Protein chains: 2
Amino acid sequence: MDGHVTIKTIAKNTNFSLTTVSRVLNGTSEKHRISKTTQKIILEEAKKLGYIPNMAAKTLRSNRSHTVGLIVPSLSNPFFSIVASTVSKMLHNQGYVVLMSDSDNNEKEERKMLQALQAQNLVGLIAIPLGKRQNYELLNQSTIPTVFIDRFFSDFSFYSVSTDHYKSSFQLVEHLIEMGHRKIACIQGDEHVVSNTYRVDGYREALKVHGLTYQYLGGVSFTEEEGYLETKLLLQKKDRPTAILALSDTILLGVLKALKEAKISVPEEVSVVSFDNSSYLDFLEVPVTSIAQPITQIAQLAVRLLLEQIDDRGLSYREESERIILLDSTLIFRSSVADLRNR
Amino acid sequence: MDGHVTIKTIAKNTNFSLTTVSRVLNGTSEKHRISKTTQKIILEEAKKLGYIPNMAAKTLRSNRSHTVGLIVPSLSNPFFSIVASTVSKMLHNQGYVVLMSDSDNNEKEERKMLQALQAQNLVGLIAIPLGKRQNYELLNQSTIPTVFIDRFFSDFSFYSVSTDHYKSSFQLVEHLIEMGHRKIACIQGDEHVVSNTYRVDGYREALKVHGLTYQYLGGVSFTEEEGYLETKLLLQKKDRPTAILALSDTILLGVLKALKEAKISVPEEVSVVSFDNSSYLDFLEVPVTSIAQPITQIAQLAVRLLLEQIDDRGLSYREESERIILLDSTLIFRSSVADLRNR
DNA sequence: GTGAAAGCGCTAACAA
DNA sequence: TTGTTAGCGCTTTCAC
């Protein structure tokens with residue numbers, strides 16, 4: 001017998017039964033009034049042998065895994081990786097183990113991962129879904145407590161936690177308008193993603209409320225390349241905007257690249273604002289005004305809601321207004337917006 | 001009976017034995033010459049019932065989990081999150097499930113996580129360890145195939161894959177020297193981390209080879225705050241450097257902040273170079289020359305080595321030269337280095 | 001206070 | 001080509 005230690009080994013060595021060993025090792029000693037001496041003997045033997053419980057056995061027997069699934073569109077996106085980092089840390093602190101899946105922005109992959117996760121007797125799932133609801137429909141019927149982050153499907157029974165994208169976007173555009181901008185273009189990410197569409201809605205609404213007619217919407221994905229290409233296209237137009245709203249910092253970098261190539265100065269000729277507030281925004285050639293999402297707050301809240309559900313096992317019906325939680329963002333002013341009010 | 005489907009359900013419904021069902025569902029039909037008809041019946045029933053295998057049972061029975069552990073110092077660091085992203089994707093493609101742990105740059109957490117992971121019957125582990133070897137010593141005795149990324153312990157029997165930090169650093173410093181710099185300061189990260197110490201070694205060696213005596217080494221962690229503080233301190237000195245080597249992009253941001261506050265212009269007054277080559281470097285006030293690590297290559301190689309080990313189950317002895325794999329980096333030239341040769 | 005025994009869902013000898 | 005059976009490590013009734 002090599003280093004393979006089970007409760008059986010411990011039982012044999014200490015002459016106690018499997019039951020007793022199991023109880024001691026699981027902290028249910030009190031409940032069964034197991035003597036201090038016994039506890040000590042067993043605990044010491046376990047330590048001496050370097051006993052490590054077999055989770056598969058525990059899970060199989062108890063049908064409860066202590067494993068939480070986490071599925072994100074792409075870890076290489078800083079927003080998602082910070083969420084993942086916070087979520088995983090909090091969950092670990094609560095004694096859970098985290099199964100991480102990177103769906104690589106691919107619906108098919110996401111589907112596969114969701115299936116793989118289901119096989120793992122998860123006690124809960126935190127998901128930043130891709131755009132389409134379909135993949136999550138099976139889940140919606142199941143009893144696995146689930147919390148969505150950043151994106152959601154309005155008729156699902158799960159909680160979701162995200163920034164109030166609509167409001168944030170509205171504010172951001174309103175700021176531009178207050179600064180005298182009348183022609184504002186928007187470069188979006190993936191239009192299947194609710195967080196994106198809400199931002200677009202906010203953009204449109206702000207224009208409308210202020211009676212502006214100029215409107216330009218481009219872009220198909222949250223990437224630097226797209227930001228670059230869309231800006232190139234935008235600059236072809238004869239009626240150029242005075243401000244560009246980039247719906248993510250990745251897009252922003254592309255926008256800046258195109259602007260630089262065209263030797264258009266920011267903010268003198270074109271103002272620029274973005275979503276995400278990455279730490280490097282302060283150090284760009286011209287620091288960019290941006291919406292800061294309360295990332296850790298979002299992650300923390302999501303974990304709390306998940307744990308609550310896991311604990312009371314009750315997926316009781318909740319009103320939509322209660323299920324969809326929107327947090328306020330912060331507008332960080334920097335120097336990428338020109339003041340056009342005196343011109 | 002609610003939606004709880006096991007092979008037993010399928011066996012009952014189709015009047016085949018558990019064995020046959022198990023075989024069909026595991027793709028070992030061929031080996032046992034199970035008839036096409038039987039296969040079809042079972043497969044269809046499984047599909048109809050939405051059968052999802054219970055991994056805990058599989059794992060317990062076969063003592064083989066298809067789960068790979070991944071432990072990283074912090075997902076909020078882009079370098080690590082890109083590694084994690086690539087690793088997790090590749091592993092998923094091979095049918096593995098990834099247990100992710102963020103050790104939060106904390107030795108104690110790392111230890112806990114390593115223990116938690118051991119309980120999961122992992123078939124393999126990929127780790128970006130924190131500095132200290134101690135936590136991994138238990139592992140070194142075990143038979144879990146392990147591959148280290150970025151950092152390693154020289155007398156361990158595991159593979160490790162990383163950039164050739166020493167060489168990269170040497171090159172970078174040599175570049176500064178070639179540009180006429182004679183006083184080069186270095187701001188490091190955590191000195192317990194091999195990747196850091198090798199970079200420092202490269203720095204020192206380059207100075208030595210070129211007979212330079214000015215040397216300045218500061219810093220204790222890979223953070224923006226540290227970069228900032230250390231630069232503040234550095235600027236107090238009466239004998240200022242003409243160039244600063246930041247051992248990461250996070251440190252770099254801090255350096256730039258301090259420089260800006262002190263109204264010291266880059267590169268006219270002080271040149272700056274860094275490690276990591278984050279995508280935003282191009283867009284900084286002055287684009288920063290930097291070492292680009294072959295991140296995805298590293299991740300891919302690590303996964304390949306892990307899978308190899310898992311497959312032949314042989315942790316045969318390997319020479320150190322064979323185990324520690326160093327990849328070349330690329331020096332990306334931008335405009336943060338002043339040419340001092342004519343001055 | 002402690003123990004015996006059943007069984008979670010699945011796989012793999014061994015049999016037929 | 002298919003089936004019987006034992007058992008992976010653990011928890012949990014039920015019993016004493």
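Buried area is the accessible area, computed with a 1.4 Å probe, that two parts lose on being put together, summed over both. The views below show a predicted model, in which local features need pLDDT of at least 70 and side-chain atom pairs count only at pLDDT 80 or more, whereas totals for chains, interfaces and linings use all residues. Residues are numbered from 1 along each chain as its sequence is written, chains are lettered from A in the order in which they are written, and side-chain values use heavy atoms, with hydrogens and water left out.

**View 1. The area buried between chain B and chain A is about 3,800 Å².** Carbon and sulfur atoms give 64% of this buried area. Counting as contact any heavy atoms within 4.5 Å, 45 residues of chain B are in contact with 45 residues of chain A. The copies meet through the same surface, because 100% of the interface residues of chain B are also interface residues in chain A.

**View 2. Chain B is superposed on chain A by a rotation of 180° with 0.0 Å of shift along its axis.** The two copies are thus related as by a two-fold rotation axis. The RMSD is 0.1 Å, for a least-squares superposition on the C-alpha atoms of residues with pLDDT of at least 70 in both copies.

**View 3. Two salt bridges are counted between chain B and chain A.** A salt bridge is taken as a side-chain nitrogen of Lys or Arg within 4 Å of a carboxyl oxygen of Asp or Glu; B:Lys89 forms one with A:Asp104, their closest N and O atoms being 3.1 Å apart. On the side of chain B that touches chain A, α5(B) gives the most, with eight residues.

**View 4. A:Arg33, A:Arg61, B:His4, B:Tyr51 and B:Arg61 come nearest to DNA strand C among the 26 residues around the strand.** A residue is near the strand if one of its heavy atoms lies within 4 Å of it. Of the strand atoms within 4 Å of the protein, 57% belong to sugar or phosphate and the rest to bases.

**View 5. Side chains of both chains approach bases and phosphate of DNA strand C.** A polar side-chain atom of A:Arg23 lies 2.7 Å from a base oxygen of the strand, while an N or O atom in the side chain of B:Arg23 is 3.5 Å from a base nitrogen. In B:Ser22, a side-chain N or O atom is 2.7 Å from a phosphate oxygen of DNA strand C.

Conventions:
Helix = DSSP H or I, 4+ residues; strand = E, 2+ residues; numbered from the N terminus. Polar contact = N/O pair within 3.5 Å; in protein donor to acceptor, adjacent residues only side chain to side chain.
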